[in-house]
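Thanks for sharing this one with me. Here are a few notes to read alongside the coordinates.

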Amino acid sequence: MRKQEEPYLTGNLTAMIDVVFQLIIFFVCAISMQNNTNDDSITLTLAPNGTEVKAKDPREVKIDVHKDGTLSIAQQPISPSLLGSILKKTVADYGGNPDAVPIILRGDESVLHEKIQGALDACSEAGIVKIKFAALKEKGS
Amino acid sequence: MARKRYKADHHPGELNLTAMIDVAFQLLSFFLLAIKPVDVFANLDAFRPSPEKTNVSTPSAPMIKIMVLPMNPGESGVYVLNDTPMTTPQMESRLKKYADTDPTQTILIMCAKRSTHKQLVELLDKCAKYKLTNLSVVSSAGI
């Protein structure tokens, strides 16, 4: 009697491998885009003793102060008075608790303090007294 | 009569990996060339007292007052510590001394309008080095 042939499992893996590579490319590109939210035109001062930034606080407000003294949030230029209003509203949104709004001030190393002062005064107006000055702990390239 | 054996009519598992390996190496080369080392960021904490609460002339507790003055190009930093002008290395040794005494004492950093942000950050970095945490940054009215 003829032995019954066992079915042999075969599968075309090409499509699956294609999708896997597509996903790898997507995630690698998405991660690098996420890291590029900082304005690269700002040259930060080297501060090897500063506290390393490990986790990003979703509440944090990053204020950029460019070489020419212009202020910006999320790469959108902003005036000091508008910055003050935004910060006041943000503090109000957090129940009037200024400590709930971490401020990160990213100033270009060559910018004069009088330009930084505008941003600091806007923070003071909103009742925010804790400021984190951004710096470079280690230069990557 | 010899018994006829029926061999299973199937091929051993075959998968042409050449194309996949090609693509994998292409991707590897691309990312090796395209990737650049990321910068490590740091934060330096300081307080910015609101103007109405700042009273520099009559401090409630003994306070170290450091003034950051504008510097000429090429200079490393010009500071005035409790009315004594000093350079960055001198300042660093004084900060170390203060940290050894009491790292929680208040340091008031007064920045001149024409001083650069780099000077302030470098000073905050030196304070962070010696674990001096109670730092207040104010802006000087003059210069």
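1. Let me start with the order of elements in chain B, which runs α-β-β-β-β-α-β-α-β along the sequence. That gives chain B three helices and six strands. Please keep in mind throughout that this is a predicted model.

2. On packing in chain B, 35% of its 143 residues count as buried. Among the contacts in chain B with a separation of 6 or more, 70% are between residues 24 or more positions apart. Chain B exposes about 9,300 Å², and 59% of this comes from carbon and sulfur atoms.

3. You may like the nonpolar surface patch, to which both chains contribute: its members include Leu13(A), Met16(A), Val20(A), Leu15(B), Phe25(B) and Leu32(B), and the patch has about 960 Å² of accessible area together. Helix 1 (14-35) of chain A and helix 1 (18-34) of chain B are the elements that give two or more residues to this patch.

4. Is Ile24(A), another member of that patch, buried or exposed? Neither label fits: Ile24(A) is partly exposed because its relative accessible area is 40%, which lies between the 20% and 50% cut-offs. Ile24(A) sits in helix 1 of chain A.

5. Finally, a look at helix 3 of chain A, residues 113-125: its 13 residues reach 18 Å from first C-alpha to last, close to the 18 Å expected at 1.5 Å a residue. Its buried residues include Ile116(A), Ala119(A), Leu120(A) and Cys123(A). In an α-helix there are 3.6 residues a turn, so residues three or four places apart point the same way. After helix 3 of chain A comes Gly127(A), with a positive phi near 85°.

How values were computed:
Residues numbered from 1 in each chain as written. Chains lettered and ligands numbered in written order. Predicted model: local features only at pLDDT ≥ 70, side-chain atom pairs only at ≥ 80, totals over all residues. Heavy atoms only, no water. Helix = DSSP H or I, 4+ residues; strand = E, 2+ residues; numbered from the N terminus. Expected span 1.5 Å × (residues − 1). Buried < 20%, exposed > 50% of the residue type's maximum accessible area, 1.4 Å probe, protein only. Patch = residues over 30% accessible without salt bridge, like charges linked within 9 Å, V, L, I, M, F, W, Y side chains within 5 Å. Areas by Shrake-Rupley, 256 points an atom, 1.4 Å probe, with all protein chains shown as cover. Salt bridge = Lys/Arg side-chain N within 4 Å of Asp/Glu carboxyl O. Contact = heavy atoms within 4.5 Å.
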